[in-house]
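Have a look at the chain below before reading on. The notes after it walk through the fold and a few of its residues.

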Amino acid sequence: MRNTIKDEKIGSKLPEADKKKVEDAVEEAIKWLDGNQLAEAEEFEDKMKELEGVCNPIIARMYQGGAGGPDMGGGMDDDGPSAGGASGGAGPKIEEVD
């Protein structure tokens, strides 16, 4: 996830506040993992769900155009036939975030 937000194509579409929120959540998860290496599988799964709960809505908003920002100059409409934004289609489905 950290690499995703640092990617120039994706990171440029996210507001700084969202990038910070993801970075902080990832950092907190890493610290927890370092201190709880002997935790049960359920605890690891709970921590993963916590992290997904922070990251997934941010990434979903980005793909739906809610966090598109002022980057009007380069290729934001390259992946779809509809220039109208919210009309038609089921939209992206996020199954898992690494």
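What follows is a short tour, from the overall layout down to single side chains.

## Overall layout

Bear in mind that this is a predicted model. The chain has four helices and zero strands, so reading along the sequence gives the plain pattern α-α-α-α. Of the 98 residues, 23% count as buried. Among contacts between residues at least 6 apart in sequence, 60% join residues at least 24 apart.

## How far to trust it

The mean pLDDT of the chain is 75, with 66% of residues at 70 or more. Among the elements, helix H3 (residues 16–35) has the highest mean pLDDT, at 92, and helix H2 (residues 8–11) has the lowest, at 80.

The stretch to be wary of is residues 67–89, where pLDDT stays under 50. The model has twelve contacts beyond four places in sequence for that stretch. Where pLDDT is low, the predicted coordinates should not be read in detail.

## The H3 and H4 pair

How do H3 and H4 run relative to each other? Their axes come within 10 Å and cross at roughly 170°. Angles over 145 degrees count as roughly antiparallel, and H3 and H4 are therefore roughly antiparallel to each other.

On the H3 side, the contact is made by Asp18, Lys21, Val22, Ala25, Val26, Glu28, Ala29, Trp32 and Leu33. Facing them in H4 are Glu43, Phe44, Lys47, Glu50, Leu51, Val54, Cys55, Ile58 and Arg61. The residues of this contact divide into eleven nonpolar, no polar and seven charged.

## Charged side chains in H3

Asp18 sits in H3 and is one of the residues that meet H4. Is Asp18 buried or exposed? Its relative accessible area is 10%, and the cut-off for buried is under 20%, so Asp18 counts as buried. Which side chain does the side chain of Asp18 make a polar contact with? The partner is the side chain of Arg61, at 3.2 Å, and Arg61 is among the H4 residues of the helix pair.

Lys19, also in H3, has its own polar contact: its side chain pairs with the side chain of Glu16 at 3.1 Å. Leaving aside residues up to four places away in sequence, Lys19 touches Ile5, Gly11 and Leu14.

## Val26 and Ile30 in H3

Val26 lies in H3 and is buried, with a relative accessible area of 9%. Not counting residues up to four places away in sequence, Val26 touches Met1, Arg2 and Leu51. Leu51 is one of the H4 residues in the helix pair. Val26 and Glu52 are 26 residues apart in sequence and 9.8 Å apart in space, C-alpha to C-alpha.

Ile30 lies in H3 too, but is partly exposed, with a relative accessible area of 33%. From Ile30 to Lys47 the C-alpha to C-alpha distance is 10.0 Å, and the two are 17 residues apart in sequence.

## Met62 in H4

Over in H4, Met62 counts as buried, at 7% relative accessibility. How many residues separate Met62 and Lys13 in sequence? They are 49 residues apart along the chain, with their C-alpha atoms 6.8 Å apart in space.

Methods:
Residues are numbered from 1 along each chain as its sequence is written. Side-chain values use heavy atoms; hydrogens and water are left out. pLDDT is the predictor's confidence in each residue, from 0 to 100. Helices (H or I, at least four residues) and strands (E, at least two) are DSSP runs, numbered from the N terminus. Contact means heavy atoms within 4.5 Å. A polar contact is a pair of N or O atoms within 3.5 Å; within protein, one must be able to donate a hydrogen and the other to accept it, and residues adjacent in sequence count only if both atoms are side-chain atoms. Axes are lines fitted to C-alpha atoms, for helices over the stretch in contact, and angles run from 0 to 180 degrees between N-to-C directions. Angles under 35 degrees count as roughly parallel, over 145 as roughly antiparallel, 65 to 115 as roughly perpendicular and the rest as oblique. Ala, Val, Leu, Ile, Met, Phe, Trp, Tyr, Cys and Pro count as nonpolar, Asp, Glu, Lys and Arg as charged, and the others, Gly among them, as polar. Buried means under 20% relative accessible area, exposed over 50%, partly exposed in between (1.4 Å probe, protein chains only).
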